[in-house]
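Please look over the sequence and the three-dimensional view below before reading on. The report is written to be followed with both in sight.

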Amino acid sequence: MHSTPTTLPAWQLLTQHAAEPQGHLRQMLDGDRSERFDLFRTHAAGLTLDASRQRMSAAVQDALLSLADQAQVEAQRDAMFRGDPINLTEDRPVLHAALRGDPAQAGPWGADIAADVERELSRICHFADAVRAGTLKGHSGLPITDVVNIGIGGSDLGPRMASDALAHLADGPKVHYVSNPDAWALYAVLRDLKPEQTMVVVSSKTFTTQETMTNAASARQWLIDGGCPETSLRYHQVAITATPAKPAELGYAPEQTFLFWDWVGGRYSLWSSLGLPLAIAIGGSAFRDLLAGARAMDEHFTSAPLADNMPVLLALYGIWNRNFLHMPTHLIVPYASRLVRFTPFVQQMDMESNGKRTHINGDLAEVDTGPIVWGGLGIDGQHAYFQLIHQGQHQVPVDFIGVETEDTPLPMAGTHHNVVNLNLRAQAEAMAFGRSYEDTLAMMKKDGMEGPAAQAMARHRMFEGNIPSNILWLDALTPARLGALIALYEHKVFVQAAIWRINAYDQWGVELGKTMAKAMEQKNG
Ligand code: F6P
């Protein structure tokens with residue numbers, strides 16, 4: 001196994017390709033694009049990846065696929081799915097895929113893990129459906145109308161993102177999310193709620209995270225001040241954790257404590273019991289549909305040949321832009337407003353996984369690793385930071401994410417849909433083609449502007465273009481498609497780490513700040 005990818009022949013070949021004149025996307029895309037679509041378009045699990053606007057030729061793509069092969073990506077993938085302890089610094093397996101395994105078969109991780117997963121999944125789905133049916137009541141005998149999830153990072157971002165993305169399916173108690181320990185964040189939620197009809201879900205893998213424990217204690221006091229006897233708190237408090245002894249010490253009822261395991265990374269935990277708030281919002285069946293969608297992408301990832309493998313290709317396009325075209329950031333812009341939290345979710349997944357500078361063997365990384373992932377809703381970005389993308393000094397590769405069908409029950413929903421997706425397509429084209437100085441001058445001439453003044457102005461109004469992008473299309477915004485989209489990015493992150501030979505599954509970098517905060521807290525008394 002390579003210790004760093006720079007020693008692989010394909011890495012050398014890609015370095016040569018990058019040193020050659022690449023040509024401009026406006027030449028690569030000029031005329032009939034059917035050949036590029038055949039070369040650079042992939043379908044899997046209801047998603048379509050259109051990478052025809054990547055700044056690459058067939059030869060570069062072939063060299064990238066050789067890199068994946070020489071880096072033994074498939075062998076590394078199989079080791080992960082098999083449950084090998086690939087998280088070497090914590091000596092843990094990485095088995096979030098097991099959380100969405102097919103209940104009808106054990107999977108490569110084995111029957112014991114599959115049984116544990118199905119047990120807890122059944123527990124959270126039954127609990128969610130009982131809360132939704134009103135059969136689980138608060139201390140005063142009234143049904144639960146509101147659920148407040150208290151968690152941060154991976155114990156917040158996933159369920160919160162999915163709750164927004166699937167808001168059209170939310171027909172249960174209203175689910176609220178609080179992550180920030182600033183008092184206002186919790187107050188802004190609690191002030192409108194009735195304690196006797198509110199359930200507080202404390203989501204924390206370690207059950208020690210200071211921010212989460214602060215909010216949990218504050219919400220507990222709010223319940224008590226709202227008339228809940230301390231002996232009845234058990235009906236209003238739920239714990240979701242990998243360390244059940246801690247909530248037990250705090251009086252959480254075992255029947256309202258849900259488990260997951262240390263082989264589930266926080267940023268990969270949406271599929272586990274941490275998905276309970278989402279299951280309460282949309283129902284256990286729809287939650288299982290989300291898992292099934294992710295499983296469909298897992299099955300694609302573990303069976304498709306490299307050249308047709310969507311997570312592998314998405315990872316390789318990112319490596320070409322990051323390591324060979326030297327682009328330090330990566331912009332992710334969904335165009336469907338329900339995906340408003342998708343970028344912050346992927347930001348944690350990618351940057352907390354691949355924000356590393358040490359190879360697995362402990363050597364300082366010889367290659368550029370995780371990019372800075374940023375962005376938000378694309379339509380809003382067009383009226384904000386897209387100026388820098390189009391005319392700034394940074395080359396920023398872009399993932400556009402769109403939904404092909406419209407399900408909003410508004411009379412003019414079709415009109416909205418056309419405006420949104422027209423903008424998505426137009427931006428991808430504008431970034432690729434730009435508008436040359438000569439074309440800008442000609443445009444201005446048509447508007448009656450010529451001579452030195454027009455030439456000077458054209459410098460301000462031209463567009464370099466040549467900005468690479470992917471368009472990821474979901475055929476519909478359903479639990480299954482959302483699950484497939486999330487799993488796609490999880491596996492993309494894995495493949496990049498496998499090629500860079502870094503550990504994507506520890507997060508020692510978050511430790512120092514916590515340690516210092518604790519020390520300051522103790523010093524301040
Ligand atoms: O500090 C980072 C982190 O550990 C994330 O990895 C994790 O998702 C988050 O904090 C919350 O951790 P916990 O679920 O243990 O409260």
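This report takes up a sheet and the helices across it, then one arginine, and finally the ligand.

The model is a predicted one, and the values below were computed from it.

**The sheet and its helices**

Five strands form an open sheet in the order E4-E3-E5-E6-E7, and their pairing is parallel. At the edges of this sheet stand strand E4, which covers residues 174–178, and strand E7, which covers residues 257–259, and each of these two pairs on one side only. From one strand to the next, the twist averages 20°. In general, the strands of a sheet pair through backbone hydrogen bonds, in either a parallel or an antiparallel manner. Strand E6, made up of residues 237–241, runs parallel to E7 and is joined to it by three bridges, and Ala 239 can be found opposite Thr 257, a residue of E7.

Two helices lie across strands of this sheet. Helix H6, residues 111–133, lies across strand E5 (198–203) as well as E6 and E7, and its direction is at about 145° to that of E7. Helix H9, residues 210–225, lies across strand E3 (146–150), E4, E5 and E6, and runs at about 160° to E5.

**Arg 288**

Is Arg 288 buried, partly exposed or exposed? Its relative accessibility is 28%, and because buried means under 20% while exposed means over 50%, Arg 288 counts as partly exposed. This residue belongs to helix H12, which spans residues 284–303. When its neighbours within four places in sequence are left aside, Arg 288 is in contact with Pro 103, Glu 118, Leu 121, Ser 122 and Cys 125. With one of these, Ser 122, there is a polar contact between the two side chains, at 3.5 Å. By way of a further distance, Met 213 is 75 residues from Arg 288 along the chain, and the C-alpha atoms of the two are separated by 29 Å.

**The ligand**

The ligand is surrounded by 13 residues, and the closest are Gly 154, Ser 155, Ser 204, Thr 206 and Thr 209. The table lists distances from an oxygen atom of the ligand to polar atoms of the protein.

| Residue | Part of the residue | Distance to a ligand oxygen atom |
|---|---|---|
| Lys 205 | polar backbone atom | 2.8 Å |
| Thr 206 | N or O atom in the side chain | 2.7 Å |
| Lys 514 | polar side-chain atom | 3.0 Å |

Taken alone, the ligand exposes 390 Å², and of that area the protein buries 88%.

Terms used. Residues numbered from 1 in each chain as written. Predicted model: local features only at pLDDT ≥ 70, side-chain atom pairs only at ≥ 80, totals over all residues. Heavy atoms only, no water. Helix = DSSP H or I, 4+ residues; strand = E, 2+ residues; numbered from the N terminus. Buried < 20%, exposed > 50% of the residue type's maximum accessible area, 1.4 Å probe, protein only. Contact = heavy atoms within 4.5 Å. Polar contact = N/O pair within 3.5 Å; in protein donor to acceptor, adjacent residues only side chain to side chain. Pairing = 2+ DSSP bridges. Axes fitted to C-alpha atoms, helices over the stretch in contact; angles between N-to-C directions. Near = heavy atom within 4 Å. Areas by Shrake-Rupley, 256 points an atom, 1.4 Å probe, with all protein chains shown as cover.
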